[in-house]
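Work through the exercises below with the sequence and the model at hand. Each task is followed by a solution in steps.

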Amino acid sequence: MCDNHQKPITATDTPAFFAIDNYGFPEAGEHPADPPNYYPPYFTSERFKKLGYHVEELRGGFYWVTSGGYDAAFVVTEDGVIAIDAPPTLGENMLAAIEDVTDKPVTHVIYSHWHSDHIGAASVFGPGVQIVAHAITKELLERFPDPNRPVPTLTFDTDYTLTVGGVTLELSYKGENHCPGNIFIYAPAQKVLTVIDIISPGSATFMHCDASQNITGWYQAQEQLLKFDFDFLVAGHHMRYGTPETVKASIEYFADVLDGAQAAVDRFSRSDALIGILDGAGWDKVFVGTENWINSMANYATRYVLEKRTSNGQLWSERLAGVTTQTKYHAYTVLESIRLERPRPNYRLRGENPPPFLT
Ligand SMILES: [Zn+2]
Ligand SMILES: [Zn+2]
């Protein structure tokens, strides 16, 4: 292992920035404890430990069900049950949770998106169910077949209203975000919104913006979900459902990640900082310099977020779970999305001298 990889190489005129060890992991004790109210009472109950799932009626026959790590939902109607997603971590417990509250059969399944960690147990509902999803989800499941994720039987492009046994769900697609085909599912009578893998209420969510593909679309989806009149958000993770208050806190956190990443891109794209970092690695090690440049930006953005006093005066680590472990991964992903997806300033003018590392 080369020592050069262990620490960013700085230009002399750039400020000191936060250094992380790229290869080691901090001891658990070096991280602050998650906010105590993050862990709901069911999580430590004997029932949950024994059964491995928790089910709760949010409103008017709309139920939230969780394995603790993954969340799904179902709606009981007069004519049968509509299931939303089927994570393998719930698996047959999805059926157990439904049987806890009704004898009615599952007649419909909605796929939020094609990812197997959220719908990879859909075959548990059997072959007779109607499966509703976005057309892109069907296309992906036909392209990459999986017997545990049966191909949708009913698809739509922009909007679809599903009415079953007196219950209405409004499905909509607003473009690629977390992945292509990820939809919004709104129950207007119950004021429950289901949007998966956009935020995780109460936490910093999982690294790299929950492994999302279109980060600018992912940020746009956060704003789009706030336009719904909802009291509950089923978000897919992580042992909790959302309320408008917890949703807004997560969105504020990611706005700070974006601000910190933008500040890092601005600072470290200055030619003096860029040349200093590359020069420090040596001109025969351009990729080492490039890694240091990226790490320097990620570290700068991470420090910005971890040290910031937020809108209520607290640090993010005091408000959300997982902040000190996840932020640096989000910072990396978001600053790369700024470089790739957002408008770039200062294209080179004709006749302008290229920087020395390109000559
Ligand atoms: Zn996903
Ligand atoms: Zn997920």
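A nonpolar core is taken here as a set of buried Ala, Val, Leu, Ile, Met, Phe, Trp, Tyr and Cys residues joined through side-chain atoms within 4.5 Å. Buried means under 20% relative accessible area. The model is predicted.

**Exercise 1. The cores**

Task: Find the largest nonpolar core, state which elements supply it, and place it relative to the domains.

Solution.

Step 1. The largest nonpolar core has 44 residues. Those with the most contacts inside it are L193, Y219, L225, L233, Y253, M297 and V334.

Step 2. At least two residues of this core come from each of strand 10 (184-187), helix 6 (215-226), helix 7 (244-268), helix 8 (271-281), helix 9 (286-307) and helix 11 (323-341). Helix 7 gives the most, with 10 residues.

Step 3. Domain 1 (3-30 + 254-358) and domain 2 (38-242) both give residues to the core, so it lies between them.

Step 4. Take L233 as a sample member. Leaving aside residues up to four places away in sequence, L233 touches L193, V195, I199, P201, Y241, G242 and V247.

Step 5. Another core, of 28 residues, lies apart from the largest one. V132, L154, L171 and A321 are among its residues.

**Exercise 2. The seven-stranded sheet**

Task: Give the strand order of the open sheet of 7 strands, identify its edges, and list the helices that pack on it.

Solution.

Step 1. The order is 1-2-3-4-5-6-7, and the pairing is mixed.

Step 2. The edges are strand 1 (54-59) and strand 7 (154-156). Each has a single partner strand, so one side of each is left without a neighbour in the sheet.

Step 3. From one strand to the next, the twist averages 20°.

Step 4. Helix 2 (residues 93-101) packs on the sheet and touches strand 1, strand 2 (62-66), strand 3, strand 4 and strand 5 (106-110). The direction of helix 2 makes about 35° with that of strand 3.

Step 5. Helix 4 (residues 135-143) also packs on the sheet, where it touches strand 6 (130-134) and strand 7. The direction of helix 4 makes about 105° with that of strand 6.

**Exercise 3. Strands 1 to 4**

Task: Trace the pairing from strand 1 to strand 4, then decide whether the faces of strand 2 are covered or open.

Solution.

Step 1. Strand 1 and strand 2 are antiparallel and share 5 bridges. R59 has F62 as its bridge partner in strand 2. The two strands form a hairpin with 2 residues between them, and G60 in the turn has a positive phi of about 55°.

Step 2. Strand 2 runs antiparallel to strand 3, with 5 bridges joining them. Opposite F62 in strand 3 stands V75. This hairpin has 4 residues between its strands, and G68 in the turn has a positive phi of about 100°.

Step 3. Strand 3 (residues 71-77) pairs with strand 4 (residues 80-84) over 5 bridges, in the antiparallel sense. The bridge partner of A73 in strand 4 is I84.

Step 4. In strand 2, 5 of 5 residues are buried. F62, W64 and T66 are buried on one side, and Y63 and V65 on the other, so both faces are covered.

**Exercise 4. Salt bridges**

Task: Count the salt bridges, then describe the pairs D231 with R59, R309 with E318, and E336 with R339.

Solution.

Step 1. A side-chain nitrogen of Lys or Arg must lie within 4 Å of a carboxyl oxygen of Asp or Glu. The count by this rule is 10 salt bridges.

Step 2. D231 and R59 meet at 2.7 Å, N to O. The pair links distant parts of the chain, 172 residues apart: D231 lies in the loop between helix 6 and strand 12 (232-234), and R59 in strand 1. D231 is partly exposed at 29% relative accessible area, and R59 is partly exposed at 33%.

Step 3. In the pair R309 and E318, the closest N and O atoms are 3.9 Å apart, which is within the 4 Å limit. R309 is exposed, at 53% relative accessibility, whereas E318 is partly exposed, at 41%.

Step 4. For E336 and R339, the closest N and O atoms are 2.7 Å apart. Both residues lie in helix 11, 3 residues apart, about one turn of the helix. E336 has 17% relative accessibility and so counts as buried.

Conventions
Residues are numbered from 1 along each chain as its sequence is written. Chains are lettered from A and ligands numbered from 1 in the order in which they are written. This is a predicted model: local features need pLDDT of at least 70, side-chain atom pairs count only at pLDDT 80 or more; totals for chains, interfaces and linings use all residues. Side-chain values use heavy atoms; hydrogens and water are left out. Two strands pair if DSSP finds at least two bridges between them. Axes are lines fitted to C-alpha atoms, for helices over the stretch in contact, and angles run from 0 to 180 degrees between N-to-C directions. Contact means heavy atoms within 4.5 Å. Buried means under 20% relative accessible area, exposed over 50%, partly exposed in between (1.4 Å probe, protein chains only). Domain bounds come from an automatic or database domain assignment.
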